[in-house]
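Biologist: Could you take me through one part of this predicted model in detail, namely the second largest cavity? I'd like to know how much space lies in it and which residues line it.

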Amino acid sequence: MTTTSTSAMGGIVRRKEDPALIAGKGRYVDDIKLNGEAAAVFVRSPFAHAKINSIDTSAATAMDGVLAVYTAEDTRHLGDLLAQVAVGSLRPLLADGAVHHAGEAVAMVVAENAYIAKDAADAVMVDYDPLPAVVDMKDAVKDEIKAHEDAESNVLLTWYSHDWWPGVFELEDHRPAIAAAKERDDVVVVSQEMTNQRLIPVAIEPRAVLADYNSGYGRVNVWSSSQIPHALAGAIAKTFGMTSHDVHVVAPEVGGGFGAKLNVYPDEMLVVFASKELSRPVRWTETRREAAYSTIQGRGWVGTATITGTKDGEILGYELDAIADMGAYSQNFTVAIPVLGLYVAQGQYNVPLAWQITCVHTNTQTTDAYRGAGRPEAIYYVERIIDMYAAAIGMDPADVRKKNFFKKDEFPATTAIGLTMDSGNYEYNLDTLLEDVDYDGLRKMQKDARDEGRYIGIGLSTYVEVCGFAPSVLAEFGFGWDAYGLPTSFSGSGLVRVNPDGSATVIIGTGPSGQGHQTTWAQVVSERLGIPVDAIRVTHGDTFESPTGVGTFGSRSAAVDGAATYEAAEKVRMKAAELVAHMLEASAEDIQFADGGAHVAGSPGHTVTWAEIAEVAYKPHKGPEGLEAGLEAHAVFSPGNATWPFGSHLAVVEVDPGTGDVKILRYVAVDDCGNRINPMIVDGQIHGGIAQGVGQALFEEAIYDENGNLLTGSLVDYPLPTAGDLPAFELGWTNTPTDVNPMGVKGIGEAGTIGSAQTIVNAVVDAVRPLGVTHIDMPLRPRKVWDAIQKARG
Amino acid sequence: MYPRSFEYVAPSSLDEALAALNDHPGAKVMTGGMSLIPLMKLRLFSPPLVVDIGRVPGLDSIADGNGHIAIGALVRHAATASSDAVASGAAALAQAARLTGDVQVRNRGTTCGALAHADVAADQPAAALALGATMVARSAGGEREIAADDFFVDALTSALEPNEILVEVRVPKAGAGTGSAYDKLGRRGGRSDYAVAGAAAMVTMDGGSVSAARVALTGVGTKPTLATATADALVGTDGSADAIKAAAQHAAEGVTVLEDLYGSVEYKTHLAQVYAARALEAAIAAAG
Ligand SMILES: Cc1cc2nc3c(=O)[nH]c(=O)nc-3n(C[C@H](O)[C@H](O)[C@H](O)COP(=O)(O)OP(=O)(O)OC[C@H]3O[C@@H](n4cnc5c(N)ncnc54)[C@H](O)[C@@H]3O)c2cc1C
């Protein structure tokens with residue numbers, strides 16, 4: 001029994017999603033209209049930290065068209081927002097007695113439409129007593145001002161690499177050995193404090209949620225622009241004392257998420273509450289400027305990275321001592337995000353590691369997962385400092401990297417924090433990149449340009465990422481939906497049904513926001529069954545349709561849900577083989593599936609189509625005796641390990657020393673995500689990822705003033721990368737499959753971001769190194785580059 | 001992004017529009033809406049009445065007249081950018097229009113709207129200033145002309161009265177020996193996005209020496225500003241690279257340079273010099 005098919009795995013199949021999206025026919029939350037809808041608008045705090053003395057809602061309530069104004073008085077009984085890793089202060093659904101970041105929701109107005117609601121929100125009078133705010137992470141650790149006036153400390157915890165999961169891992173503390181190495185004569189110690197600045201995730205579709213509670217059915221229907229519809233259903237059920245099967249959540253088209261929609265939010269609970277109270281559907285759509293206050297932010301680390309190594313490039317220790325800004329409240333994974341960084345703390349290098357990171361509350365918006373979530377930060381530090389180490393010892397940055405790589409024959413390799421990396425071939429991957437770009441030629445070009453007075457820089461970064469989080473025991477660490485009342489691990493789910501007409505329906509538990517699952521999964525099933533991609537419809541994001549689902553985040557979907565679907569398709573194939581064997585009077589082992597049907601090995605002329613097979617399946621009197629009718633199977637896949645993709649990126653930039661302006665001349669990436677289901681979709685993920693990394697490197701920064709006011713809450717002052725700012729990316733690949741799933745695939749959704757920010761920074765620093773510059777903190781806006789040059793020139 | 005409620009009219013004649021403005025204190029003209037609507041959505045600005053002049057006929061042409069080019073109130077950035085008349089007669093304005101915003105903004109926003117909005121970070125105001133343009137303002141009471149030098153009053157404030165419409169901008173046509181240019185550093189680097197700083201220059205060469213020069217700066221103070229010291233220092237020189245460099249050192253003299261998210265006072269002062277020099281160099285090259 002074998003399968004062959006043309007359009008399946010590895011094929012460049014055009015995205016089934018695109019015709020609707022390109023033609024403006026995609027249906028997002030705002031396209032779904034219900035009779036009798038009311039609109040919610042929030043009253044938000046102008047202060048970063050203040051006591052609330054009183055809230056006067058009378059004027060607002062009296063306005064024509066206003067249905068209700070709710071404050072914490074009304075919603076307190078629902079409890080705080082649920083969080084998976086509930087360390088630190090949890091967020092009340094509406095501020096209760098005090099506000100802890102600017103823009104925190106203080107009251108919710110529900111009115112006939114959003115315009116009236118906004119007018120009424122402006123009429124809600126809140127009497128605040130401003131309190132001092134702590135904004136800077138470094139101030140937060142001093143504890144002179146508390147972000148939460150009643151808390152003992154701003155410091156929540158410190159993660160240590162040698163002791164990150166006590167009781168589960170017994171790890172060696174590398175600190176004494178590194179301290180000893182520092183005393184050696186043949187050793188240099190290179191150290192740099194660096195900021196990995198806070199970012200504001202900007203999806204093209206802001207968050208939006210519509211809730212319709214029906215007391216007759218005892219059910220609530222919710223449409224939300226979410227990456228995690230099942231988790232949201234669980235959280236609503238738990239908050240309102242319902243069961244999850246009475247909460248129907250649909251994530252329709254989701255216009256980008258990047259981790260920011262991997263959170264359950266207070267507004268999602270509050271529109272359900274209002275719908276229940278008012279017996280009307282209630283909608284809230286985030287405005288663009290509001291998004292900077294109502295949606296989580298990302299990154300926000302400051303830390304000192306240190307490499308201790310010999311003068312000939314052997315690294316004897318890598319240390320990071322950092323602080324991570326959690327913002328005012330812990331939400332979904334907040335304090336666990338640095339742990340994802342810790343997973344890849346040492347990058348591709350088999351070196352002693354001593355990493356510690358302290359998580360603090362500040363009076364700023366909460367941080368949580370943003371594309372890469374901890375991993376871009378971690379890779380940034382190790383890849384920046386290794387470049388500085390290379391410069392300090394006068395060695396080529398590619399050679400230093402190679403010298404310290406985990407070697408091919410060391411895989412599966414164990415990291416310093418006790419985790420097993422599935423597969424890797426780092427040197428081959430980097431060599432592929434260096435050959436693709438003619439690295440030596442590039443360096444010569446750089447030298448020639450320097451002789452002409454031009455400031456060209458070449459930046460390199462390698463990375464290892466971890467994604468498709470597994471194994472299942474991680475649920476006990478918080479990587480599951482237990483807090484939402486759904487005790488699960490991050491397993492995958494897929495249902496494959498061959499319909500009576502021979503087409504196939506595939507229902508998966510993911511929550512994509514542009515990743516092309518409808519195409520990729522069709523390819524996976526097509527590969528197993530030989531049903532053409534066009535005859536396979538993939539649906540997702542509906543909690544009533546797919547009984548289990550975890551969502552889409554952490555580059556997990558293909559490697560986990562994809563594998564589940566692969567296994568479900570395999571079950572269907574086994575059953576179909578029995579049916580065909582009966583139809584063709586052959587033995588099941590001899591059945592081959594190809595070109596939209598099946599035949600007996602050796603007689604390809606005599607084929608039965610999938611429609612014919614399906615008919616037999618759904619008319620059991622035509623099938624083999626005793627075989628269950630129907631032709632579908634469901635599989636849940638829980639991998640034994642995460643997958644560990646990797647890659648090498650290189651940028652060539654030119655700096656105008658007169659203005660500090662940076663121009664990217666080339667960007668080349670060679671990524672390795674194992675087998676690629678659809679190379680075009682893989683490339684698309686890498687393109688978007690690189691653009692986001694470049695955005696962090698050059699443009700983006702959430703800037704708060706000392707009182708905690710966000711100065712960059714509008715896109716006028718939060719510049720995002722556009723196609724015009726970027727060169728045409730040159731992408732290559734290597735293929736090192738994993739054995740943790742049957743398809744040998746690894747995630748690729750975040751790789752581009754994880755590999756890119758430091759590639760750009762390394763290139764810019766390389767360009768201006770002749771002027772004496774050794775480091776510039778992101779974003780490398782022209783002013784910062786120019787300032788650094790001025791400072792270096794003295 | 002929900003504006004306060006407001007009235008909206010879209011008159012079909014200029015007189016009706018002027019009457020509406022006259023009769024409704026606080027009313028605002030809208031042309032492209034690229035700057036007005038965002039301010040209203042943020043409730044930073046809540047006019048009781050918006051007078052959309054988009055349907056008024058006769059305001060959307062570029063007239064290549066005697067001695068000047070007249071750009072009507074409804075001429076979009078894209079039209080200014082691609083007009084041969086503007087490119088040859090007032091190159092700095094065409095270049096500034098081409099560097100304004102993105103395609104969508106250039107297809108809706110208007111040159112006159114950008115001038116009336118008087119944003120220090122905008123591109124075309126500095127070009128109009130360097131070119132010595134004249135603004136033609138009409139109200140119910142009649143028409144008056146305002147020299148560019150007097151037009152930009154303060155941050156987001158022009159010399160227009162609330163009941164006046166800028167019906168056209170007249171830009172003197174470059175004669176023989178005169179060239180102009182505009183260049184900027186954008187907030188996303190290169191030339192993209194609003195200007196961190198930039199400069200427009202117009203230079204007239206006569207027998208190998210600079211006989212007249214005007215330089216205007218974008219992005220450094222509260223409003224588009226003439227760099228008179230630079231222009232004065234250049235006149236009479238040979239316009240060589242050294243002369244430009246020496247003159248450009250004075251670019252920010254007499255200008256109150258302000259810090260913002262994109263630059264310190266020191267950096268912006270430096271950029272004023274850099275871009276004054278770059279614009280002058282290109283203008284002199286164009287002067288032929
Ligand atoms: C995304 C984006 C990017 C942008 N980038 C840039 C950039 O890089 N560089 C740049 O220079 N600008 C930029 N802008 C601003 C843009 O150029 C605006 O179009 C321009 O400033 C206003 O022109 P408008 O016709 O849209 O005016 P409107 O928005 O209609 O009006 C703006 C103001 O001027 C007044 N006004 C308009 N026309 C007249 C008139 N004829 N008479 C009297 N008053 C009038 C209005 O009452 C209002 O107060 C950008 C705008 C956006 C939205």
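Modeller: Happy to! In this predicted model, the second largest cavity holds about 140 Å³ of space. Its lining is made up of 17 residues, and those closest to the centre are A:Arg44, A:Arg91, A:Ala105, A:Pro266 and A:Ser294. Three elements of chain A each give two or more residues to this lining: the strand β2 (38–44) and the helices α8 (266–278) and α9 (291–294). Of the elements, α8(A) gives the most, with three residues. Sorted by class, the lining of the second largest cavity has eight nonpolar, five polar and four charged residues.

It helps to set this beside the other cavities. Searching the whole structure turns up five cavities of 30 Å³ or more. The largest of them has a volume of about 170 Å³. Its lining comprises 20 residues, and A:Ile200, A:Pro201, A:Val202, A:Arg288 and A:Ala291 lie nearest the centre of that largest cavity. Here the classes come out as ten nonpolar, five polar and five charged residues. The lining of the largest cavity also draws on two domains of chain A, with at least three residues from each of domain 2 (32–131 + 204–256 + 261–294) and domain 3 (301–406 + 421–470 + 641–793).

While you have the structure open, chain B is worth a look too. Its domain assignment gives domain 1 (7–52) and domain 2 (178–287), and the centres of these two domains of chain B, taken over C-alpha atoms, are 35 Å apart. Chain B also has an open sheet of three strands, with parallel pairing and the order β1-β3-β2. Because β1 (7–9) and β2 (28–30) of chain B stand at the edges with a single partner strand each, one side of each is left without a neighbour in the sheet. On average, neighbouring strands of this sheet are turned by 25° against each other, direction ignored.

To follow one pairing on screen, start with β1(B), which is joined to the parallel strand β3 (residues 49–52) of chain B by three bridges. In one of these pairings, B:Glu7 has B:Leu49 in β3(B) as its bridge partner. Packed on the sheet is helix α1 (residues 14–23) of chain B, which touches β1, β2 and β3 of chain B. The direction of this helix makes about 165° with that of β3(B).

Conventions: Residues are numbered from 1 along each chain as its sequence is written. Chains are lettered from A and ligands numbered from 1 in the order in which they are written. This is a predicted model: local features need pLDDT of at least 70, side-chain atom pairs count only at pLDDT 80 or more; totals for chains, interfaces and linings use all residues. Side-chain values use heavy atoms; hydrogens and water are left out. Domain bounds come from an automatic or database domain assignment. On a 1 Å grid over the protein atoms alone, a cavity is a set of points where a 1.4 Å probe fits but cannot get out, and a pocket is an open set with protein on both sides within 12 Å along at least five of seven lines; lining residues have an atom within 4 Å of a point. Grid points are joined across faces, edges and corners, and a volume is the space filled by probe spheres set on the points. Ala, Val, Leu, Ile, Met, Phe, Trp, Tyr, Cys and Pro count as nonpolar, Asp, Glu, Lys and Arg as charged, and the others, Gly among them, as polar. Helices (H or I, at least four residues) and strands (E, at least two) are DSSP runs, numbered from the N terminus. Two strands pair if DSSP finds at least two bridges between them. Axes are lines fitted to C-alpha atoms, for helices over the stretch in contact, and angles run from 0 to 180 degrees between N-to-C directions. Contact means heavy atoms within 4.5 Å.
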